[in-house]
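Trainee: I would like to take a close look at a single part of this structure and then see how that part sits within the whole. Could you guide me through it carefully?

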Amino acid sequence: MRLRQGVLAQSIFFTAAAIVAISTAALLLFTGSRGLAVFSFMGPGEFFLGTSWNQNDQTFGVLPLLLGSLLTVGLTLLISGPLALGVAIFMVEIAPDPVRRVMRTVVELFAALPSVIYGLLGLTLVVPWVRVITGGGLGKGILAAVIVLVFMTQPTMVSIAEDALRALPESLREGALAVGATRWQMIWRVLLPAARPGLITAVVLGTGRAVGETIAVQMVIGNITSRLPESLVRGATTMPAAIVTQLPEATSPEHRAALIMVAFLLLLITFGLIAAVRAAGAIGSPRRPTRRRRLTPTARPAAAKGAIDV
Amino acid sequence: MIQRWVYRPWTAFALMLLIPALVACGGAASPHAPTAAASLTTTAPTSTGGELSGQLTIAGSSALLPLIQEAANQFQTKNPKVQITVTAGGSGAGRTQVCEGKIDIGNSDVPISDAEKTKLNCPDAQGVAVAIQAFDVVANKQGPGTVTNLTKVQMMDIFSGKITSWKDVGGDDTPIVLVNRAKGSGTRANMAKFLFDGDDALFAAGASEEDNNETVKQTVAQTPGAISYLGFAYLSDPSLLAFSLDGVAPNKSDIKAGKWLIGGPGYAITKGAPAPLAKAFLDFVTSAEFQGGATFDKLGFVAVK
């Protein structure tokens, strides 16, 4: 009986894992093979170094899209990361309980908003505001997209960072305070390093949302693919926004292949980003492997012994 | 209890059983057969005693969507055994997918060109005009001042970027902010046809591009000096200023009489001659009964006949 249950359980889990692995591979293979077809129409130099993406003259240079994405996501992270960290620390270490509960509800509410609502709010509130402070034009551009994305990435980052900080054992705080650390020193020197893997996860998932966000960005960025981004308040585009704007109207095979190649690049960038941030986390704290070691019954006493001096 | 996964031969065996089973399920659930031939056989109606049944898949122009959706609803009420799926996706997608055999009917704001027929390997594509669509230039109320009429030349100069201030057409001293639909959009193609004889490259570079009418409407309504173009159904919006063209205001009777020059017929495109069910549906869409109905009028389209 137990053996049979074991067979069933193992088959289910194994199959679930296999489906995830196979579908990821299939996704890469599909977008890769369809996307790389673009190089039968144009050279890699033309695609990767071209500064104009204009389907009217069939030029598909990816730089306007790539730079737009990099600028947007980079600026978003610069603002959103520290902000989320501050909010999380405030919620865990400083805010009194009722305040914390209200904030938690607000964060959850923000997380539940569909992205088209963010887009609409961006279009009706942020874009006119950007237009007024920059004095004219349309107000659509990277700045408007960054503002929208900061709000969109906050809930993900804050809630994961908060959980990471909250999960720290009370003994860390008590120990730090007992040796005479101030509250600031305790947070900065003890809690943040200890919560590092969780905080890195928060940033990775927030970045993931910013990189992939499509509709909300598309509504406020202006979708100009024919030239490189000129300034933060002039129209630009990002890779997902360009795909969603152009794919429905892409009739030529060159155009479709180029757009799918952009999707493939987007996949690679996402994978690369996750790998890079993980590597950064591992270098910073060699004694805290981000990957959980699998314990086997024989290895267990050793692991337990090792855990004492952490 | 801590014991983790240990390889046993039957694990691989179970895997070999489960994965093909799942693949089979996935395969059976796939809605569209990949080839045109297979698609046609699955959607061919089985006519029993004059009653129509079967499935139709329609996609394409978002401007035509409300009309086709309404026609599909009425058609399905009359023929309860017929199932019609209508989605948007853009005129370009309508033309492409119908040629790839993914859908039965593709809607497009512009006819399928000979170049496209060759490119999409679809020489026998057929289009039926289903409604006349009209488009007009719209602007934010701040900027044009007292100007409510533009000449064709003024419109050309504005959208090609030659005129950059409302002052130059008799309005206030406000810069003109251009808002475009995305390249390939049917609405944009109709504007290009009217303004630039279809040469899309003459639209000024660097103007923002939006992929749907709602965003265009919202953007123009909130930006002083903004100008764009929209379908007839959107012109009554009180936050927008719809221009007369050379003294002709966009209204139904003028559009019907052919006096309004921006726009043209929207098409339903099939690969080859339409299959019996698709033909029955298209006959209904173009029938006097549907085109003369109250809903058709309310949606802002003008009958083709």
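Trainee: Is strand β6 (residues 177-181) of chain B largely enclosed by the rest of the structure or exposed, and why?

Mentor: Please keep in mind throughout that this is a predicted model. Strand β6 of chain B, which covers residues 177-181, is largely enclosed by the rest of the structure, because five of its five residues are buried. Counting as buried here requires 20 or more other C-beta atoms within 10 Å of the residue's own. In a regular strand, the side chains alternate between the two faces of the sheet. In β6(B), B:Val177, B:Val179 and B:Arg181 point one way, while B:Leu178 and B:Asn180 point the other way, and the residues of both sets are buried.

The strand has two pairing partners to consider. With strand β8 of chain B (residues 226-231), β6(B) runs parallel, and two bridges join them; within that pairing, B:Val177 has B:Ala226 of β8(B) as its bridge partner. With strand β7 of chain B (residues 208-210), β6(B) also pairs in the parallel sense, here over three bridges, and B:Arg181 stands opposite B:Glu210 of β7(B). The connection to β7(B) can be described further, since β6(B), helix α7 of chain B (residues 186-196) and β7(B) together make a right-handed β-α-β unit.

From the strand we can move to the nonpolar core. The largest such core has 76 residues, and B:Val179 is one of those that touch the most other members, together with B:Leu56, B:Ile58, B:Ile105, B:Ala134, B:Val138 and B:Ile227. The element that gives the most to this core is strand β4 of chain B (residues 125-140), with nine residues. Because domain 1 (10-132 + 263-299) and domain 2 (134-256) of chain B both give residues to this core, it lies between them. Apart from this core lies another, of 47 residues, which includes A:Trp53, A:Leu77, A:Val146 and A:Val150.

The division of chain B into domain 1 (10-132 + 263-299) and domain 2 (134-256) deserves a closer reading. The contact between these domains takes 13 residues from domain 1 of chain B and 12 residues from domain 2 of chain B. On the side of domain 1 that touches domain 2, α4 (91-99) and β11 (263-271) of chain B each supply at least two residues, and by class that side has four nonpolar, eight polar and one charged residues.

Taken as a whole, chain B has 12 helices and 11 strands, and buried residues make up 43% of its 305 residues. Of the contacts in chain B with a separation of 6 or more, 71% are between residues 24 or more positions apart. Chain A, for its part, has 13 helices and two strands, with 36% of its 310 residues counted as buried, and 72% of its contacts with a separation of 6 or more are between residues 24 or more positions apart.

The two chains meet where 38 residues of chain A are in contact with 37 residues of chain B. On the side of chain A that touches chain B, the elements giving two or more residues are α1 (2-36), α5 (115-134), α10 (215-221) and α11 (239-246) of chain A, and α1(A) provides the largest share, six residues. By class, this side of chain A has 13 nonpolar, 18 polar and seven charged residues.

Two asparagines are worth a look for their backbone angles. Most residues other than glycine have a negative phi. A:Asn223, however, has a positive phi of about 55° although it is not a glycine, and this residue lies in the loop between α10 and α11 of chain A. B:Asn121 likewise has a positive phi, near 55°, and is found in the loop between α5 (114-119) and β4 of chain B. Their surroundings can be stated in turn: A:Asn223 counts as buried because it has 28 C-beta neighbours inside 10 Å, whereas B:Asn121 counts as exposed because it has 9 C-beta neighbours inside 10 Å.

Note on methods:
Residues are numbered from 1 along each chain as its sequence is written. Chains are lettered from A and ligands numbered from 1 in the order in which they are written. This is a predicted model: local features need pLDDT of at least 70, side-chain atom pairs count only at pLDDT 80 or more; totals for chains, interfaces and linings use all residues. A residue is buried if 20 or more other C-beta atoms lie within 10 Å of its own, exposed if 12 or fewer, and partly exposed in between; C-beta atoms are placed from the backbone. Helices (H or I, at least four residues) and strands (E, at least two) are DSSP runs, numbered from the N terminus. Two strands pair if DSSP finds at least two bridges between them. A crossover is right-handed if, with the strands pointing away from the viewer, the path from the first strand over the helix to the second runs clockwise. Two residues are in contact if their C-beta atoms, placed from the backbone, lie within 7 Å. Ala, Val, Leu, Ile, Met, Phe, Trp, Tyr, Cys and Pro count as nonpolar, Asp, Glu, Lys and Arg as charged, and the others, Gly among them, as polar. Domain bounds come from an automatic or database domain assignment. A nonpolar core is a set of buried Ala, Val, Leu, Ile, Met, Phe, Trp, Tyr and Cys residues joined through C-beta atoms within 7 Å.
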